[in-house]
Amino acid sequence: MESLASDDPDSGVYLRLGLIVEKGKRLQKPSTLLSRLASSLERSILLHDKSLPEFQDSAPAVTVFDGRSPPEITITDYLNRIFNYSRCSPSCFVVAYIYIHQFLDLTRAHLTPLNVHRLVVTSVMLAAKVHDDRYYNNAYYARVGGVSTRELNRLEMKLLFALDFKLQVDPHTFHSHCCRLEEQSSDSDDGFRIEWPVKEACRLNKETWRKTTPESVCSQTTAR
């Protein structure tokens, strides 16, 4: 996956986001990338909420990614959780960011506290399947993401059809989205953060997130 982050001559943005690491080593936590991504997603949600009229004649559109209530876990913590357990390459999060934007543009949907977590885990899983040599299966990602395997399978198919199965990302698109993420630095450094206080997390209670790590119950698969 590092090829996307090395094909462009202007690799400075990749270094600053933590996408380029020494060969043979795995970045323990690309904090810059994940914080920028969280800031961008949170800002998109906030801007959409502010654009809504105070009184609406019709309810907002609901997608298959919308849950009954926003998960209690923050976007930042959710991204860190996925990275820590999925062991996918950091660039997968940029590709997932691209998938999310494409989905929203194609479906005319909006990013909300109800759908952002499911969109993130589904997009990261697809990115890993397409761009990483090794990846975990759907059951594993479902446990990491706090949803059932059946639901994640359904979300995966919905995203695939929405994107028309066009999952390859060219270097120019990858680079432009990296630059967009880097632009979030000023906001995140100034403490821009949105917390979503709710009582449920994807229909699971708090203790579900504290159970044994997914590695103990799910096996890793190899891309073929």
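1. Glu-182 is partly exposed, with a relative accessible area of 22%. In this predicted model, the Glu-182 side chain forms a salt bridge with that of Arg-16, at 2.2 Å from N to O. The two partners sit in distant parts of the chain: Glu-182 belongs to helix H8 (residues 171-182) and Arg-16 to helix H1 (residues 12-17), with their positions 166 residues apart. Arg-16 is also partly exposed, and its relative accessible area is 49%.

2. The structure has four salt bridges; three are treated in this note, beginning with the one just described between Glu-182 and Arg-16. Another joins Arg-118 and Glu-151, whose closest N and O atoms lie 2.9 Å apart. Arg-118 is in helix H5 (residues 116-131) and Glu-151 in helix H7 (residues 149-162), 33 residues apart. Arg-118 has a relative accessible area of 3%, so it is buried. Glu-151 is at 9% relative accessibility and therefore counts as buried.

3. Helices H5 and H7 are also linked by Glu-156 and Lys-129, which form a salt bridge with the closest N and O atoms 2.7 Å apart. Glu-156 is in helix H7 and Lys-129 in helix H5, so this pair ties together parts 27 residues apart in sequence. Which of the two counts as partly exposed? It is Lys-129, at 23% relative accessibility. Glu-156, with a relative accessible area of 10%, is buried.

4. As for the overall layout, the protein has nine helices and two strands. Read from the N terminus, the order of elements is α-α-α-α-α-β-α-α-α-α-β. Of the contacts between residues at least 6 apart in sequence, 85% join residues at least 24 apart.

5. Of the 224 residues in the protein, 49% are buried. The accessible surface amounts to about 11,800 Å², and carbon and sulfur atoms account for 49% of that surface.

6. The largest nonpolar core contains 57 residues. Helix H4 (residues 91-107) is its main contributor, giving 11 residues, the most of any element. Phe-93, Val-120 and Tyr-141 have the most contacts inside this core.

7. What does Tyr-141 touch, leaving aside its neighbours within four places in sequence? Its contacts include Ser-86 and Cys-88, as well as Val-121, Val-124, Met-125 and Ala-128. Tyr-136 and Leu-152 are in contact with Tyr-141 too.

Methods:
Residues are numbered from 1 along each chain as its sequence is written. This is a predicted model: local features need pLDDT of at least 70, side-chain atom pairs count only at pLDDT 80 or more; totals for chains, interfaces and linings use all residues. Side-chain values use heavy atoms; hydrogens and water are left out. Helices (H or I, at least four residues) and strands (E, at least two) are DSSP runs, numbered from the N terminus. Buried means under 20% relative accessible area, exposed over 50%, partly exposed in between (1.4 Å probe, protein chains only). Contact means heavy atoms within 4.5 Å. Accessible areas come from the Shrake-Rupley method with a 1.4 Å probe; for residues, only the protein chains shown count as cover. A nonpolar core is a set of buried Ala, Val, Leu, Ile, Met, Phe, Trp, Tyr and Cys residues joined through side-chain atoms within 4.5 Å.
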